[in-house]
Amino acid sequence: MEYVSPEGLRLDGRRPMEMRQIRAEIGAVAKADGSAVFEMGNTKVIAAVYGPREVQNRSQQMNDKALVRCEYSMANFSTGDRMRKPKGDRRSTEISLVIRQTMEACILTHLMPRSQIDIFVQVLQADGGTRSACINAATLALADAGIPLRDLVTSCSSGYLNSTPLLDLNYVEDSAGGPDVTVGFLPKLDKVTLLQMDSKLPIDIFENVMQLAIEGCKAVANYIREILLENTKQLEYRRGL
Amino acid sequence: MGLPDTSRDLSSEVEVDAFRRLFPLRFYERHLSESIRPDGRPLGRARDTTIALGAVASADGSGLAKIGSTTMLAAIKMEVMTPSMESPDEGCLAIDFHMPPICSPIVRPGRPAEAAPVVSKQLSDTISSSGMVDLKELSLVSGKAAWMVYLDIYCLDADGALFDAALLSAVAALSYLQIPAVSLNEDGRVVVVSEEDGGKPEKEPVNRENRKLTLKSIPFSLTCILHKNYILADPTAEEESIMETLVTVVLDSSSQLISLYKPGGPVLANTSAIQDSIALTRQRVRELQKILDEANSGMEVD
């Protein structure tokens, strides 16, 4: 099947190095300490952060840093066919672990000992790149909750089909069976915190594909920074400053 | 913009917040005696309600309902199934209500919220007993194929009046539902006809005429809290946690009573309290009907 036409257009009309349209909104869930909705094309996720709050399970309490918990779940209607088991299956558990470890790396946990930070991510529509959208949404939600972060974490995926590196795969391109590289990136520190790949790829091509994903992460970071600045201006305005 | 008189105003504001946390009941009674609530609403008024249709593009029908901060997202997915022996001409409607941990600080992952199965059962009972959906409309080929409608409702923000918002979002999703066109292929199995196939399809769609459900007697509800002699319409989560006696009244658009639900509680209601709740609900039904009609006509213009 042809994923990149001879004119260089993908199935949804994008160029190989073009990301899908991103949209983000802060403060979607009024009850949460911090929350955000993040959309990458048709993938829509909502993240809520509760914390720092008292540890619910005393035996897990850590005396020198905060406990970070994360749960990823998909809505029944998020995928093409209705899902029977939206959480507790292997994929959801794995993604919960990945998101938790990624966010834990950038939260300054030693500033909040004996407390717990809960990150809950719910996928409302899934069209490829859910992992990346969840990490981006979680970053925004943590910033909205005012939790001290080392740096923003942004994430983007890329792949290699029809001998072309492609940025930000959607579901059809993702299930084509080609390699799928997901990168989690700290823009200010210029460091990679998450790197996952499946399928096979020669090493020199892998360098290009990973660089492409990192460029995507930087673009997401710029957008997230704009959103946060806009949000802060709104807060200042409401306080009458 | 001059700076506010910070020192005095902040300290009195802190006292009000502290009073609200330490003595919530007295805080509310001070307001109720003036016939008003802390958020400025009169006792009988519900919060601002909005409906957005088609929020989830990948589902066959969806609706997002917000009552104040309480947000519910309902989405419908349809699958073809074989109908049961006892009712070969009827499809099936399965309703499920979920409260994921994002909606409230008291919901813990791994342990579902107490309210979730209760609201789920209430919704199933109300929608099936109201007769809103005629199951015979869901039949495709008598005895062989019928639609199974999965209606999933997710609570995205829990701030009181969960049942009202969930029912409203379910009704909105059902009114927006587009039934996919299907046809019989050679094996006699029903397949979904894709709309992007250009040209003449070899198989005739089985149900081209009825793409939307006809809904009769749409149910609308209002939850009220009873406290001493006061009746508070549409409670927030804070009000629900302090004053525990709830009454939920469900009426349909012709003001017939579909269900009345009062699950115990410290306050005993006499008939006049029940009648007052029903009167408040009747008013609310008119508001909700208008909001739903506006949302539907808004989508049709597109």
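Let's start where chain A and chain B meet: across their interface, 11 residue pairs are in polar contact. Keep in mind as you look that this is a predicted model. On the chain A side, the elements that give two or more residues to this surface are strand 3 (43-54), strand 4 (67-74) and strand 5 (115-125). Strand 3 of chain A gives the most, with five residues. What kinds of residues make up the side of chain A that touches chain B? They divide into 12 nonpolar, eight polar and eight charged.

Now take in the whole contact, with 28 residues from chain A and 29 residues from chain B. Together the two chains bury about 2500 Å², and 58% of that lies on carbon and sulfur atoms. Three residues, Lys31(A), Phe77(A) and Arg82(A), supply 30% of the area that chain A buries against chain B, more than any other three residues. Lys31(A) is worth finding again, since its side chain meets that of Asp159(B) in a salt bridge (4.0 Å, N to O). Across this interface, one salt bridge is found.

Next, turn to the sheet in chain A. Its five strands form an open sheet in the order 1-2-3-5-4, with mixed pairing. Strand 1 (22-26) and strand 4 are the edges, each pairing on one side only. From one strand to the next, the twist averages 15°. Strand 1 and strand 2 (residues 34-40) of chain A run antiparallel, joined by five bridges; here Ile22(A) stands opposite Met40(A).

Finally, look at the helices on this sheet. Helix 1 (residues 90-106) of chain A touches strand 4 and strand 5, while helix 4 (residues 203-239) of chain A touches strand 1 and strand 2.

How values were computed:
Residues numbered from 1 in each chain as written. Chains lettered and ligands numbered in written order. Predicted model: local features only at pLDDT ≥ 70, side-chain atom pairs only at ≥ 80, totals over all residues. Heavy atoms only, no water. Contact = heavy atoms within 4.5 Å. Buried area = accessible area lost by both parts, 1.4 Å probe. Polar contact = N/O pair within 3.5 Å; in protein donor to acceptor, adjacent residues only side chain to side chain. Helix = DSSP H or I, 4+ residues; strand = E, 2+ residues; numbered from the N terminus. Nonpolar A, V, L, I, M, F, W, Y, C, P; charged D, E, K, R; others polar. Pairing = 2+ DSSP bridges. Axes fitted to C-alpha atoms, helices over the stretch in contact; angles between N-to-C directions.
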